[in-house]
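Hello,

Here is the structure we talked about passing on. Please open it first, then read the notes below.

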Amino acid sequence: MERKTQELVASRSRIERSRKRKQLYQLDGSDSSDSSTSKDAYKPRRRKIEKNRSGGEQKYCHQCKRNDGHVVTCNRCERKRYCTSCISKNYPQMNEEDFLMECPFCRDICNCKSCLRLELPEKNETRMSEGDKKNYAKYLLRRLLPYVKQINEEQSLEKEMEAQIRGLPFSEVKVQQADCYVNERLNCNWCETSIADYHRSCTKCPYDLCISCCRDLRAGSLQAGHPGSMNQYKNPGVGYLHGETCKPARSNRTVGTSTATKDGGSRGKAKLPEWRPNKDGSISCPPESLGGCGKGILRLNQVLRDGWLSNVILKAEELCQQYNLDGMPDPTHGCSCCNLAAGDDTATEKIRKAIDIQAGDHKHFQAHWSKGEPVIVTGGLDRTYGLSWEPMVMSRAMHDKSRTGVTVLNCLNWCKEEYSLSLFFKGYTEGRLDLAGWPQMLKLNDWPESGSFEDRLPRHNVEFLSALPFKEYTHPQSGYLNLAVKLPEGHLKPDTGPKLYTAYGFSQQLGRGDSVSKLSYHDSDAVYVLTHVKEMTFTPSELAKMEQLKEKHRVQDEREIYAEGDMGNGPEPQLESNDPEELQNPKSGALWDIYRREDAFKLKEYLRRHFKEFRHTYCLPLKQVVDPIYDGVFYLNAEHQRRLKEEYGIEPWRVVQNLGDAIFIPAGCPFQVRNLKSCIQVSTGFVSPESIHECLRFTEEIRVLPREHVAKEDKLGVKKLIIHAIRQVSNDLEEVTKTETVTDSLDVSSDSSVQGGYMGSDLANLEIESYYQEPNPTLVQGDFQEEANISQEVSDILTQRMKSVTSDNSPRQVPRSIPAAMVEFFNELEAQIQKENVDVLMVLPPQIHLDEEIIQEYEKSLKKHMSGRLLDLADDSNLQDFNRVLHFLLASRRIPSHLQQGFLALRRDLPDLTSRAYELHKEVNRGMVMPLARSKEREELKSMLGKYRQIEENMMKLEKEKDTTMLSISRLQMRNEQLNEEVTNLRTAAENDVGDRSKLCNDEAWKLEEKIDHNSAEIVRLQATNEAIGAKLVKFSDEAKRLHKDAHAQHYKVLNLEAMAAAYERNVENTMDKLVIMEQNWKQQVQALDY
């Protein structure tokens, strides 16, 4: 009975200690998501005071919340303490002296649970000036415009085909708007690529076909985007992986790959006996066997509004002409190391290693990047806070603990396996062997899931963004030269990352089961930052076992591959790098081989010739290959690279990536990676303007892949990115230009404005041009006068030359084959032209003979023009038709002789009359439109004022909240000082007294110290809140400055419009009266010439 009582008491004691520990943990704000625990909920608990080894009082560790070890207190904040166990386990790069000087909390690198929840701003955040934005916009506009024109040309061809099908003129074809939301991706049902604008949709079912597939179908070259058969790889058993004979496993698990030809190449054209275009060029919906309904017709649809793309191109062309973007210098001319002579034999020696560029050298980077060369930027982690990337730290930082299972890839049999995250990270740190004693090389690719890296690892996301170089290209949210961020708000954006890549690694090349990323390339540009390395070590006995297994692998390769191959008895072992010291660097993590874009075709040829010498699924030799690079089943070891250079003369850039290095991989460059140590890499994709052509080529290549292919997915939608990017860039460039124009106009001196008058100033003319986009009449008239003077000079020179040539009085010789009437006509015409002081327009034209039907048509046309308004003849086409009809009626002598001089005078004076009428009409329109424009600009100014008031109100609230928080912090600090004094007094009293009174004093002191710790935690929380408020205030302040600048320019524009509107309103009535009088005079003149 006594024993049971003791066990019950011990159990209750354990429960009570656990409850107290949990309560203290929550008081520090590290476990509960609601870290702001109210003071009323706080109830101090009694706790036994423990002594450390030196007899002093023990404090809690900020990291583990325990008090059973020696702690080190920070001398800077004098609040945070860390035990020696946490120092050695979680901060191996720091010693106790470092903690005394400045603790991890003060350094912003604390990796406890509570600190990993704090929000910190991004370091090295680049702020783009207006000048940089303008230069970047011009650079993007120049790069994007040719591709947008190409897209528009392809769509115009399809629209012409639609016009031919309907039997309508091109201008009358109305393309139907597609029923597609902006937050969904529209893909072609045949080739599965993304659709940007024009496509064809079935009238009976939701089948969509891109215009590229429409073009190929009409040409009879529609390629294999159809379902293909699968080749199955049966699991030969675990023993086969290490040299034993093939024994199928009981599970009969199979892995399939797409079909290919006998020589390893992919299939060519698809055989489509059931689907052909109609004779008129229209396309019916494919039969059900090919995914359609077989009943409807594919009608031309568009995603964008009608005329949207053509207007964007027109606007972009005007900006290109305005800034003379065709004359922009080539970025490659700015780098001396880029100027390798074409055909130079030494060039291949210079490109074996990728160029190492400093983080801020933008021009140097752009010079190499525009040539499609990979780039290395070192020291990326030096630009961050320094948070640890240890696997256990990331596991601790994970916000969502419900999804801890991950799917990893085994590099020995290349099959996917399920692991818990903690078990995978444990193998990353300690290493793992399979049952045969062979090191397991596992990879966790493309993790976490889509769009959740920032949510699940917020602090590490900030670290990665801080480490990114050239953020105008690479930043996944705000990179101005990154086309992937140019889609408007609400559109479905491509998932370019960031993504985490974690892989085991071993320095020795195993030959089979190496930790490698096999040959492939991305659909976009990518940058990889190596954030952590961990060397994997094995005992001598384990290494000896590996050598025995290697020998079995060699025998198996000789039996199955090398016996009939070109490699004889197998490859000789060779060093992986030209510089072995690079591989021995303790910071080295991965070995990259990156091939040029131009060498991709030869590389595919080599792999198609030798694909049977490679193993992949279940370590079985490859049976076929669809596309050697897209398949992702090849890794070229040193022997294959040597033979590749001998047979085709190509070799890769060889890069050893060290800790903190960022490697830029251009789109379209095939690459492969071998992990020399266990590595953690973070990658993000981006679409640079220099790589658009490669992204488009990638899209065209995946169109022809079989439907079951692993790479058969267009995740990027590059055409949509290009279209929306050029629209945003054009708007940005136009906005910057307007801002600069208004800013420059503010510098006009007061003397010039007074001298010229407000309406007569250049600034007023500039504002009118910006609204109506019409040239200044004064300037245009001056240009025409100057051009007329030049033409007169040229005419005088030619006349003198003609007189010198025909100075003799000899009769003119004419050809015999020309009729005499024609000769007489031209002689009379020459006589009229050479007459001096004679108005040619008042002279009858030479007489001609016309058919009666033609003359009657001319008379009807003349009657129509003369019965209309004078303003109608201001149109160029109407005026030209009137002059043509009148000329032929006068030449045919159909007009009576008593009216001929009147019509001749009308022909002479009509251009001036119509021009004056047009100017008066335009003046009236300006006067009518000006109030509307003025009202619109006023509303815009009011909107800016409302935004400013909202910002002002938000900042007032934040400042009030910050003041309240600072007051709370001051009160808590004062309260802590008082409590410290009370604790000191109680400790003194406890030392002087004995017995129960001493114990009571110690208990009271313990309660007060608990309150001090609680207050300290509350102070830390309030300080973090104040930092967040300060960041918001800075953001609002920047927005207010920008709004102030825009409002200043808008106010100046409104003042200009006020002055112009007043002037136009005064003149509009007089102008309308003048126009009415001109129309009345025209009617009277027509009545006088009643023909």
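**Open sheet around β8**

In β8, L298 is the bridge partner of C202. That pair belongs to the contact between β4 and strand β8 (residues 298–302), which run antiparallel and are joined by four bridges. A word of caution before going on: this is a predicted model.

The sheet itself is open and has four strands, in the order β3-β8-β4-β5. Its pairing is mixed. β3 and β5 (208–210) are the edge strands. Each has a single partner strand, so one side of each is left without a neighbour in the sheet.

**The chain as a whole**

The protein chain has 28 helices and 21 strands. Of its 1091 residues, 45% count as buried. Take the contacts between residues at least 6 apart in sequence: 77% of them join residues at least 24 apart.

**N189**

Where does N189 sit? Its place is the loop between β3 (176–177) and β4 (199–202). Is N189 buried or exposed? N189 counts as partly exposed because its relative accessibility is 34%, and the buried class ends at 20%.

Leaving out residues up to four places away in sequence, N189 touches P206, Y207, D208 and R707. D208 also offers a polar partner: its backbone nitrogen lies 2.8 Å from a polar atom of the N189 side chain. L209 is worth a look too. N189 and L209 are 20 residues apart in sequence, yet their C-alpha atoms are 6.0 Å apart in space.

**Strand β19**

Strand β19 covers residues 662–665. Both of its faces are covered. A662 and F664 are buried on one side, and I663 and I665 are buried on the other.

Which strands are joined to β19? Strand β10 (residues 375–377) is one, through three bridges. β10 and β19 run antiparallel, and I376 stands opposite I663. Strand β16 (residues 525–534) is another, with four bridges to β19. This pair also runs antiparallel. Here V529 stands opposite A662.

**Helix α5**

Helix α5 spans residues 130–166. It bends by about 35° at L144. A proline, P146, follows within four residues of that point. After the helix comes G167, whose phi is positive, near 75°.

**Cavities**

How many cavities of 30 Å³ or more does the structure hold? There are five. The largest has a volume of about 220 Å³. Its lining is made up of 20 residues. Nearest its centre lie S194, I195, A196, C210 and K719. The elements that give two or more residues to this lining are α5, α6 (211–219), α19 (692–703) and α20 (718–745).

**T965**

T965 is found in helix α27, residues 897–992. T965 counts as buried because its relative accessibility is 8%, and the cut-off for buried is under 20%. Beyond residues up to four places away in sequence, T965 touches L1022 and N1026.

**Where to look again**

Two places carry much of the detail above. One is the N189 loop, with the 2.8 Å approach to the D208 backbone nitrogen. The other is β19, with buried residues on both sides.

Best wishes

Technical notes:
Residues numbered from 1 in each chain as written. Predicted model: local features only at pLDDT ≥ 70, side-chain atom pairs only at ≥ 80, totals over all residues. Heavy atoms only, no water. Buried < 20%, exposed > 50% of the residue type's maximum accessible area, 1.4 Å probe, protein only. Contact = heavy atoms within 4.5 Å. Polar contact = N/O pair within 3.5 Å; in protein donor to acceptor, adjacent residues only side chain to side chain. Pairing = 2+ DSSP bridges. Bend = angle between axes of the 7 residues up to and from the residue. 1 Å grid on protein atoms, 1.4 Å probe; cavity = no way out; pocket = protein on both sides within 12 Å on 5 of 7 lines; lining within 4 Å. Points joined across faces, edges and corners; volume = space filled by probe spheres on them.
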